Amino acid sequence: QVQLVESGGGLVQPGGSLRLSCAASGSIFSIGIMGWYRQAPGKQRELVADITKGGNTNYADSVKGRFTISRDNAKNTVYLQMNSLKPEDTAVYYCNAAILTITRTGGDYWGQGTQVTVSS
C-alpha cells in the first residue's frame with residue numbers, strides 16, 4: 001500500500017510565496033517521475049512541473065521562472081516552491097508519482113490535493 005501526503009497549501013496575497021511538500025510512504029521499492037498538477041474550478045487538471053529521479057525538470061510555461069520543483073530521494077519527498085504567486089495560480093494542487101512497489105507492481109499514485117488560494 002502506498003500513500004502520498006501533501007502539505008503546505010493555504011491563502012497568500014498576490015506576489016507572495018508558498019512551499020508545497022509531498023511525502024510518499026508505504027511499500028515502495030522505487031520512485032520514478034514525481035510531479036505536481038493543479039485543477040482550478042471548471043478547468044481540467046494540468047501539469048505544473050515534474051522531476052525525474054536524476055533531477056531533470058519540466059515546467060508549464062505559465063509557471064516558468066516563478067516555481068521550482070525539487071525532490072529528496074532519501075525521503076521520498078517532492079517539493080514545489082512557488083514564488084510571485086498570481087490569482088490565476090489559485091487551484092487544488094495534486095502530487096503525483098510513478099511508483100514501483102516491493103512486489104514489483106508499478107502504478108501511478110496521487111495525493112489527496114491541497115488548496116492554494118492567491119487573493120488580496
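**Legends for a predicted all-strand protein model**

**View 1. The exposed surface of the protein.** The protein exposes about 6300 Å², and carbon and sulfur atoms supply 48% of that area, where accessible areas come from the Shrake-Rupley method with a 1.4 Å probe, and for residues only the protein chains shown count as cover. This is a predicted model, in which local features need pLDDT of at least 70 and side-chain atom pairs count only at pLDDT 80 or more, while totals for chains, interfaces and linings use all residues. Residues are numbered from 1 along each chain as its sequence is written, and side-chain values use heavy atoms, with hydrogens and water left out.

**View 2. The strands of the protein.** The protein contains 11 strands and zero helices, these being DSSP runs numbered from the N terminus (strands are E, at least two residues; helices are H or I, at least four). The C-alpha trace spans about 50 × 25 × 20 Å along its principal axes.

**View 3. T77 and its surroundings.** T77 lies in strand 8, which covers residues 77-82. T77 counts as buried because its relative accessibility is 8% (buried means under 20% relative accessible area, exposed over 50%, and partly exposed in between, with a 1.4 Å probe and protein chains only). Leaving aside residues up to four places away in sequence, T77 touches C22, A23, M34, S70, R71 and D72, a contact meaning heavy atoms within 4.5 Å.

**View 4. The side chain of T77 and the backbone of K75.** The side chain of T77 reaches the backbone oxygen of K75 at 2.9 Å.

Terms used. A polar contact is a pair of N or O atoms within 3.5 Å; within protein, one must be able to donate a hydrogen and the other to accept it, and residues adjacent in sequence count only if both atoms are side-chain atoms.
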